[in-house]
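The report below goes through the strand pairings, a salt bridge, the ligand surroundings and a surface patch. The sequence and the model come first.

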Amino acid sequence: MRVHLVNPSDTSFGTAVITPRWLYVLAAATPESFGDPVICDETLEHLDAMSIAPGDVVGIGIHTGNALRGYRLGRQACERGATVIFGGIHATLYPEEAFNQGGAHAVVKGDGDRAWGQALNDCRTGTPKRIYEGGRVSAGEFKSARWDLLPRDRYMWASVQTVRGCPKHCSFCSVWRTDGQKPRQRTSDTVIGEIVELRRLGYRFIALADDNFYPVSLTDMQLAERQNNPQRLAELKAIRQERFELMSRLAALPEDMVFFTQITMEAAEDPQFLDAMRAAHIQGALVGVEAVTPEGLKAVYKDFNCCGENLVKRLQEFRSHGIHVLGSFIFGLSSDRPETFAATLDVAHRAGLTFAQFVMLTPFPGTVDFERWEKAQPEEAQVEGVPITRYWLTPPEIRPKMFMPHPVMTSEEMRQRTQSVWDDFYSFRSVWKRSRCTPSLKARLAFIFISKLYRQMYASTGIATDSARRSKANRWARWLARPCRRLFMAKPMPELQVPGAVLS
Ligand code: SF4
């Protein structure tokens, strides 16, 4: 009985940007008696169903975007005589779908760190339960990933998680509902242990795959003080102190290490935190800007963000502390107007963003937006026989790109305008100008390569409606990805020791 872990993907680029961490965490959660699981990440290559034998167990992790592909693989694995177990956020929200569409024998809901091992043991005795309630395990129970199983020549960035959960409640995001609003922080020992292991293997670029690396803002602490709530204040201070402790240990790692994380814009008000990040080699962060107008921010429950000139200044603050920003924007909010696209592009240029992504508003299951949208859909609304409220079950080539009717723009108009914002931000002229942030000509060329790859992987394959443009973008991305990967690798450091705790 072999165990397979599969990350489904419609598109494969041969080389991937970031390791799907969950595959290696569940590999660690696989009891030793099963041997090493066979890992298949379809963002690299598609699964060869013939590699599955009768009696094997196949674990498939799905989110809404790859659920349909995952179901197809589940049925194939079932036909091969395997026991199929689904997990991941989408299976947690729609377990019945995994049984009906994906041939599932069992579904693990919530965190798999503990439940995956239980499910496997039950499979061995032929008594798998239908549903395993993984829940939210405590930070002390998070498994460290099995990096010894990572292929050496396929990924640009490794990924390590330091905190799960986010205290905010943005309307388009499901993280705060699935991972919870209470941050669950791993100890610095476990985080540093994984990072040192990765650097020994030659990975010097590491994504800190956190929901929000800045779980306590200065405003949160001021509020607890104003409310005269000493217990809450002490809790917040302890969480913050743990962040600083982790960063002080990251700072003691080899100088060539580069980390990237996700953070809320409030961190820009906290120079002490930004300085600690920079010292910790955290050189970049994805910042959810979402909208450039107050109406837009209010619509997504993100009014803790700034807009107008304050927004530009706030984003520039990251750069002035040596942190590059990947700004994330959403188009399609009901307050958007045709001029919003140009205004957003203007902010993206003036705020000194190093990278940017422009996504179209999509109601993802598990979010407040989805609930509202689902209720508003007429029962008979369908695409190719599939209810519109289950849009992820339609093949990607006919799946609508926009779902929320807009008061003044058609879906096609918004799609075209979004595409042209991507085209402008990643035009050669703009990329060349931004590449001045790099220290050498070689680094500048690398920057151009990576910018172009980013655009091909995330814009051209995602937004384009015609299949010719999508497959051309796919070919380009494959071609660009291989040389890009080499730019990220470093000489392995097998002798590297774990730095000790630094007392502040
Ligand atoms: S979008 Fe970011 S800040 Fe908002 S809830 Fe999700 S993880 Fe938290």
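Which residue in S14 does Glu-290 stand opposite? In this predicted model, the residue of S14 that stands opposite Glu-290 is Phe-329. The strands concerned are S13, covering residues 282-290, and S14, covering residues 324-331, and they pair in the parallel sense over 6 bridges.

These strands belong to an open sheet of 7 strands, in which the order is S2-S8-S11-S12-S13-S14-S15 and the pairing is parallel. Strand S2 (16-18) and strand S15 (355-360) stand at its edges, and because each has a single partner strand, one side of each is left without a neighbour in the sheet. From one strand to the next, the twist in this sheet averages 25 degrees.

A second open sheet is formed by 6 strands, which follow the order S3-S1-S4-S5-S6-S7 and again show parallel pairing. Here S3 and S7 are the edge strands, each of them pairing on one side only, and the twist averages 20 degrees from one strand to the next.

The table lists parallel strand pairs from the two sheets, with the number of bridges in each.

| Strand pair | Sense | Bridges |
|---|---|---|
| S4 and S5 | parallel | 5 bridges |
| S11 and S12 | parallel | 3 bridges |
| S12 and S13 | parallel | 5 bridges |
| S13 and S14 | parallel | 6 bridges |

Individual residues can be placed within these pairs as well. Phe-205 stands opposite Val-258 in S12, where S11 spans residues 205-208 and S12 spans residues 258-263. Ile-263 has Val-287 in S13 as its bridge partner. In the 6-stranded sheet, Val-58 stands opposite Val-84 in S5, a strand that runs over residues 83-87.

How many salt bridges does a search of the whole structure find? The search finds 27, and one contact of this kind joins Arg-154 to Glu-45, with their closest N and O atoms 4.0 Å apart. Arg-154 lies in the loop between strand S7 (131-133) and strand S8 (155-160), whereas Glu-45 lies in the loop between strand S3 (38-41) and strand S4 (57-61), so the pair ties together parts that are 109 residues apart in sequence. Of the strands that flank these loops, S8 has its place in the sheet of 7 strands, while S3, S4 and S7 have theirs in the sheet of 6 strands.

Which residues are found around the ligand? They are Cys-166, Lys-168, Cys-170, Phe-172, Cys-173, Trp-176, Asp-211, Thr-264 and Lys-302. Taken by class, this shell comprises 5 nonpolar, 1 polar and 3 charged residues.

The last feature lies on the surface, where Phe-428, Trp-432, Leu-441 and Leu-445 make a nonpolar patch of about 430 Å². Two helices contribute to this patch, helix H16 (428-434) and helix H17 (441-463), each of which supplies at least two of its residues. Phe-428, one of the patch residues, lies in helix H16.

Technical notes
Residues are numbered from 1 along each chain as its sequence is written. This is a predicted model: local features need pLDDT of at least 70, side-chain atom pairs count only at pLDDT 80 or more; totals for chains, interfaces and linings use all residues. Side-chain values use heavy atoms; hydrogens and water are left out. Patches are made of residues with over 30% relative accessible area and no salt bridge: like charges are joined within 9 Å, nonpolar side chains (Val, Leu, Ile, Met, Phe, Trp, Tyr) within 5 Å. Accessible areas come from the Shrake-Rupley method with a 1.4 Å probe; for residues, only the protein chains shown count as cover. A salt bridge is a side-chain nitrogen of Lys or Arg within 4 Å of a carboxyl oxygen of Asp or Glu. Helices (H or I, at least four residues) and strands (E, at least two) are DSSP runs, numbered from the N terminus. A residue is near a molecule or strand if one of its heavy atoms lies within 4 Å of it. Ala, Val, Leu, Ile, Met, Phe, Trp, Tyr, Cys and Pro count as nonpolar, Asp, Glu, Lys and Arg as charged, and the others, Gly among them, as polar. Two strands pair if DSSP finds at least two bridges between them. Axes are lines fitted to C-alpha atoms, for helices over the stretch in contact, and angles run from 0 to 180 degrees between N-to-C directions.
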